[in-house]
Amino acid sequence: MNHSNEKKPKEHNEIANKELKEQIADAALEMLEEQIDYQDLINTKVVFGYLFDIEGHGIEALLKVITDKTTAYFAVQGESLLRLNLSEELFQGTTETFLILHG
């Protein structure tokens, strides 16, 4: 039995929130550099590992943007969007771990 007075923050899985995903994807695309990260964005794909809204913390997300030249990884923490230097294996592992802990 847990005798702690600490309440776990409420978490809500927002992976189905199309509007929120579009806002985050647009912000991530703005961080990509033409000619370095992409030639043409026409076939660009955005894949979310996870997207949660955590009470008292804000948005927590991990995503990747696949362009014609590269795959760029991003994290959202609260109000911050950060570009990460990840491998695909680390992206998958981090996603799995987060979903086990928060799913």
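Strands are DSSP runs of E with at least two residues, and they are numbered from the N terminus. With that in hand, we can place Gly56: this glycine is found in the loop between E2 and E3. Keep in mind that what you're looking at is a predicted model. Below is a tour of its strands, one buried charge and its aromatic rings.

**How the strands pair up**

- Let's start with strand E1 (residues 11–13), which pairs with strand E2 (residues 45–54) in the antiparallel sense over three bridges.
- If you want to spot that pairing on the model, look for Glu11, which stands opposite Ile54 in E2.
- E2 also has strand E3 (residues 58–66) as a partner; the two run antiparallel and are joined by nine bridges.
- Here a handy pair to look for is Phe48 and Leu63, since Phe48 stands opposite Leu63 in E3.
- Further along, strand E4 (residues 71–78) and strand E5 (residues 80–84) are antiparallel too, with five bridges between them.
- Gln77 has Ser80 in E5 as its bridge partner.

**The two hairpins**

- E2 and E3 make a hairpin with three residues between the strands, and Gly56 in this hairpin takes a positive phi near 80°.
- Is Gly56 buried or exposed? It's exposed, with a relative accessible area of 90%, and the cut-off for that label is over 50%.
- Hop along the chain by 31 residues from Gly56 and you reach Ser87; the C-alpha atoms of these two are separated by 30 Å.
- The hairpin of E4 and E5 has one residue between its strands.

**A buried charge: Glu14**

- Glu14 sits in the loop between E1 and helix H1 (18–31).
- Which side chain of opposite charge is nearest to Glu14? That's Lys21, 10 Å away, and Glu14 is buried yet has no salt bridge.
- To count as a salt bridge, a side-chain nitrogen of Lys or Arg has to be within 4 Å of a carboxyl oxygen of Asp or Glu.
- So who does Glu14 touch? Leaving aside neighbours within four places in sequence, Glu14 is in contact with Leu20, Leu51, Phe52 and Asp53.

**Aromatic rings**

- How many aromatic pairs turn up in a search of the whole structure? The search finds three.
- One of them is Phe52 with Phe98, an edge-to-face pair at 5.2 Å centre to centre with 65° between the planes.
- Phe52 lies in strand E2 and Phe98 in helix H2 (residues 88–102), so this pair ties together parts that are 46 residues apart in sequence.
- Both rings are tucked away: Phe52 counts as buried at 4% relative accessibility, and Phe98 is buried with a relative accessible area of 8%.
- Another pair is Tyr73 with Phe91, which is tilted, at 5.4 Å centre to centre and 45° between the planes.
- Tyr73 lies in strand E4 and Phe91 in helix H2, so here the parts tied together are 18 residues apart in sequence.
- These two are buried as well, Tyr73 with a relative accessible area of 6% and Phe91 with 2%.
- Tyr50, Phe52 and Phe98 form one aromatic cluster.

**What the record says**

- The unreviewed UniProt entry carries the annotation "coiled-coil region" for residues 10–37.
- In the model, the span of residues 10–37 is 50% helix and 11% strand, and its end C-alpha atoms lie 37 Å apart.

How values were computed:
Residues are numbered from 1 along each chain as its sequence is written. This is a predicted model: local features need pLDDT of at least 70, side-chain atom pairs count only at pLDDT 80 or more; totals for chains, interfaces and linings use all residues. Side-chain values use heavy atoms; hydrogens and water are left out. Two strands pair if DSSP finds at least two bridges between them. Helices (H or I, at least four residues) and strands (E, at least two) are DSSP runs, numbered from the N terminus. UniProt positions are given in the numbering used here, feature names are shortened, and annotations may be inferred rather than shown by experiment. Buried means under 20% relative accessible area, exposed over 50%, partly exposed in between (1.4 Å probe, protein chains only). Lys and Arg count as positive and Asp and Glu as negative; His and the chain ends are not counted. Contact means heavy atoms within 4.5 Å. Rings of Phe, Tyr and Trp (its six-membered ring) pair if their centres lie within 6.5 Å; planes under 30 degrees apart count as stacked, over 60 as edge-to-face and the rest as tilted.
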